[in-house]
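Let's take a stroll through a protein model and see what holds its parts together. Keep the structure open beside you as you read.

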Amino acid sequence: MRKVISAVLAALVVGGCTVQTTDPDGEARSPVHIQVSRPPADDKPGTGDDPAPARTGASIPAPAPAPTRPPKSTPVPAPAPKKAAPAPPAPVLWSRGDSGRDVRELQARLHQVAWLFDGPTGSYDDLTESAVKGFQGKRGLPRTGKTDTVTWQRLLRMTREPGQWELYLMGGQPAAYPDPRCLRGRVLCISKTSRTLRWMIDGRTVSTMSVRFGSQYTPTREGVFSVYWKSRHHVSTLYDSPMPYAMFFSGGQAVHFSADFAARGYGGASHGCVNVRDETAIAAIFAEVSTGDKVVIYW
């Protein structure tokens, strides 16, 4: 056998790449084929005709499935925040045209914080409305000029309780009940308690006005007097100050108009006289009062 194989290989070398053989009858034969035997069908690890890899004694793990991504979800926009309903306007306590003691307190407190310089008058006028607007605007409140509960509470926190003569700084206070000595005859009935003057005839009050008295160093005298002299355009020789419509009742003390009282109210005092701030009212009394009429000054 070895000799045959050697002869075949020698023929291949001599004849080139192809070896031609003939059958016994002279027909050409195909080249030499080397058959490689296959393993029995039972040894195939798979099924069908496809070959499978040889077994090594351990099973080959199946490849892990590729991870799958969750489907992308479209982001849901967050709901828009609900707008809060606008707060209802604060209730209005006082506005232009109102009057009374409460309006006086409002004006007095506005005077304390330097938003109102005239009054208090007790009447909610254009000056009061302008002062309220200024106060509101300074504190970031709606500039309505009306005093609502929010404006009032803010003002209360910034001020103190006004005293009697802050409420009636420029007069307008109610008059005290007349002294019994004022109930007969023609009398200038003057109360130091209420700081008012009543012009009375036989117990009837003809007119009433606010008055101011002297300071503790120059007090106005008290008691019963009478008018002994009238001087329409009087000027004080002692203080060199005008005393129009002067009606003298005790020494140099007189009832007369005072421009300082009209301008400053109870922020000042007289030198002992009884000051009147209402020029129209004192002019009318000056025309009616006669020399000898009674003057009563009391607490």
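What follows looks at cores, helix packing and salt bridges, in that order. Keep in mind that this is a predicted model.

## The big nonpolar core

Let's begin on the inside. The largest nonpolar core is built from 23 residues. If you want to find its best-connected members, look for Leu188, Ile190 and Val255, which have the most contacts inside it.

Quite a few elements chip in here. Those giving two or more residues to the core are strands E5 (186–191), E6 (196–201), E7, E10 (242–250), E11 (253–257), E12 (274–276) and E13 (294–298), along with helix H7 (279–288). Helix H7 gives the most, with four residues.

Now zoom in on Leu188. Skipping its neighbours within four places in sequence, Leu188 is in contact with Leu197, Arg198, Trp199, Val227, Val255, Ile285, Val289, Lys294, Val295 and Val296. Val255 on that list is another of the residues with the most contacts inside the core.

## Helix H2 and its two partners

Next, try helix H2, which covers residues 101–112. Helix H2 packs with helix H4 (residues 149–158) at an angle of about 50°, and their axes are 10 Å apart. That angle makes H2 oblique to H4. On the H2 side, the contact is made by Glu105, Leu106, Arg109 and Leu110, while H4 brings Trp152, Leu155 and Leu156. As for handedness, H2 passes H4 in a left-handed crossing.

Helix H3 (residues 126–138) is the other partner to look at: its axis and that of H2 come within 11 Å and cross at roughly 55°. H2 and H3 are therefore oblique to each other. H2 passes H3 in a left-handed crossing, too. Here H2 uses Leu106, Gln107 and Leu110, and they meet Thr128, Ala131, Val132 and Phe135 of H3. Notice that Leu106 and Leu110 turn up in the contact with H4 and again in the one with H3.

## Salt bridges

Time for some charged side chains. How many salt bridges does a search of the whole structure find? There are ten.

Take Arg160 and Glu166: they form a salt bridge whose closest N and O atoms are 2.7 Å apart. Arg160 counts as partly exposed, at 49% relative accessibility, and Glu166 is partly exposed as well, at 25%.

Asp179 and Arg181 make another bridge, with closest N and O atoms 2.8 Å apart. This pair is mixed: Asp179 is buried, with a relative accessible area of 13%, whereas Arg181 is partly exposed at 37%.

## A bridge between distant stretches

Is Arg212 buried or exposed? Arg212 counts as buried, with just 3% relative accessibility. Its salt-bridge partner Asp260 is partly exposed, at 30%. Their side chains meet at 3.1 Å, N to O. Asp260 lies in helix H6 (residues 259–264) and Arg212 in strand E7 (residues 204–212), so this pair ties together parts that are 48 residues apart in sequence.

Some bridges also share partners, and in that way Arg101, Glu105, Arg109 and Glu161 are joined into one network. You have met two of these names before: Glu105 and Arg109 are among the H2 residues that make the contact with H4.

How values were computed. Residues are numbered from 1 along each chain as its sequence is written. This is a predicted model: local features need pLDDT of at least 70, side-chain atom pairs count only at pLDDT 80 or more; totals for chains, interfaces and linings use all residues. Side-chain values use heavy atoms; hydrogens and water are left out. A salt bridge is a side-chain nitrogen of Lys or Arg within 4 Å of a carboxyl oxygen of Asp or Glu. Buried means under 20% relative accessible area, exposed over 50%, partly exposed in between (1.4 Å probe, protein chains only). A nonpolar core is a set of buried Ala, Val, Leu, Ile, Met, Phe, Trp, Tyr and Cys residues joined through side-chain atoms within 4.5 Å. Contact means heavy atoms within 4.5 Å. Axes are lines fitted to C-alpha atoms, for helices over the stretch in contact, and angles run from 0 to 180 degrees between N-to-C directions. Angles under 35 degrees count as roughly parallel, over 145 as roughly antiparallel, 65 to 115 as roughly perpendicular and the rest as oblique. A crossing is left-handed if the near helix is turned anticlockwise from the far one by less than a right angle, and right-handed if clockwise.
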